[in-house]
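Here is a friendly tour of one structure, meant to be read with the viewer open. Please load the model below and follow along.

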Amino acid sequence: MTNTNREWLLAERPTGEPDRDSFELRETDIPDPAPGELLVRTRFLSVDPYMRGRMREGESYAEPWDVGDALRGGVVGEVVEAESDAYDAGDLVTGEGTWADYATLDADDVAPVDPSVAAPEAYLGVLGMPGRTAYFGLLEVGEPKPGDTVVVSGAAGAVGSVVGQIAKRNGCRVVGFAGSDEKTDWLTEELGFDAAINYKSTDDYRAALDEAAPDGVDVYFDNVGGPITDAVFTKLNLDARVAVCGQIAHYNDEEVPTGPRKLPGLIPVRAKVEGLLVGDFATRFGEASERLGEWVASGDLKHRETVVEGLENAPDAFLGLFSGDNIGKQVVRVSAADAE
């Protein structure tokens, strides 16, 4: 084991879209675990769109970082030293750590990783927070019924790709929006979506929806916002449900454009629009993890991870989320399985 630890800090609060100047890499001593903690060597680090909100001042559903703070996110790592009887050195665990080579995690706040079910990095995606978000967001907020048409924006991302597959399991017609032909082909040819729309090459989203969702939209799972959502709102059916999970189209806006008012269109169809935070379902995480794990192990739920190599490239991996570089879950490989 090396004697130093690399760790990414928030260097400045970005204005608009962040760049590399927003991040600072420093070297520190490897931390010592306190009683009840684990020293974990990071194998994989998660980067997620919601982290952009933590770079802003002001209250939000996720506590903002201060300038100079270590950046935090989901990690999968190997226990190096355990000050807890719950885990032993060599165990693989997942929890929230820092963007670092090594981090200390409370043993009560981590979960074991079983590589016989899926590769370790999948525990940051389909078997982690994104998978649980898809599971509860669709089933509890979207309430899909057999025969419904479900439209998903950001459908080739970590959450959207799982949403669409669960909707298919529930007997729905599924339409996804994604940002390249490679992504739309993945949705239809591998994940079983009934139709997919490349929003970057489509001039008229409403016309595309007329073709892909001729019977209208019963459930809309929104990860994006912006013009895609404007178009979907015009296609909502009676008693439609809209689950607002993310608004990545606006995360870098300094002032969110108001645009045309869309709420009057909800009145005649009596649509329900509900925001969701996966943390609200924390007491049921075990249920979601069990079912998602069963579906992954059986091959019924497919997943994909885009892996960026090296902790030094973590900012680039994060910034790539806003240009659509990833298919499936974007993760950073910090260390190899045989690293010392």
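## The open sheet

In this predicted model, six strands form an open sheet in the order E10-E9-E8-E11-E12-E13, and their pairing is parallel. At the edges sit strand E10 (195-198) and strand E13 (272-275), each of which pairs on one side only. Ignoring direction, neighbouring strands of this sheet are turned by 15° against each other on average.

For a closer look at one pairing, pick strand E8 (residues 149-152) and strand E9 (residues 173-178): they run parallel and are joined by four bridges. If you want a residue to click on, try Val152, whose bridge partner in E9 is Gly176. As a reminder, strands of a sheet pair through backbone hydrogen bonds, in either a parallel or an antiparallel way.

## Helices H2 and H3

Helix H3 (residues 160-169) lies across three strands, namely E8, E9 and strand E11 (217-222). Relative to E8, H3 runs at about 170°.

H3 also meets helix H2 (residues 129-142): the two axes come within 8 Å and cross at roughly 45°. An angle of that kind makes H2 oblique to H3. Which residues of H2 and H3 make the contact? From H2 come Gly131, Ala134, Tyr135, Leu138 and Leu139, while H3 contributes Val162, Val163, Ile166 and Ala167. The crossing of H2 and H3 is right-handed.

## An enclosed helix

Why is helix H6 (residues 226-233) largely enclosed by the rest of the structure? Six of its eight residues are buried, so the remainder of the structure surrounds most of H6. To colour them in your viewer, select Gly226, Ile228, Thr229, Ala231, Val232 and Phe233, the buried residues of H6.

## Cysteines without a bond

How many disulfides does a search of the whole structure find? The search finds zero. A disulfide is a covalent bond between the sulfur atoms of two cysteines.

Take Cys172: the closest cysteine sulfur belongs to Cys245 and lies 17 Å away, so the two are too far apart for a bond. The cut-off used for a disulfide is a sulfur pair within 2.5 Å. Seen from the other end, the closest cysteine sulfur to that of Cys245 is in Cys172, again at 17 Å and too far for a bond.

Are these cysteines buried or partly exposed? Cys172 has a relative accessible area of 3%, so Cys172 is buried. Cys245, with a relative accessible area of 23%, is partly exposed, since buried means under 20%.

Terms used: Residues are numbered from 1 along each chain as its sequence is written. This is a predicted model: local features need pLDDT of at least 70, side-chain atom pairs count only at pLDDT 80 or more; totals for chains, interfaces and linings use all residues. Side-chain values use heavy atoms; hydrogens and water are left out. Buried means under 20% relative accessible area, exposed over 50%, partly exposed in between (1.4 Å probe, protein chains only). Helices (H or I, at least four residues) and strands (E, at least two) are DSSP runs, numbered from the N terminus. Two strands pair if DSSP finds at least two bridges between them. Axes are lines fitted to C-alpha atoms, for helices over the stretch in contact, and angles run from 0 to 180 degrees between N-to-C directions. Contact means heavy atoms within 4.5 Å. Angles under 35 degrees count as roughly parallel, over 145 as roughly antiparallel, 65 to 115 as roughly perpendicular and the rest as oblique. A crossing is left-handed if the near helix is turned anticlockwise from the far one by less than a right angle, and right-handed if clockwise.
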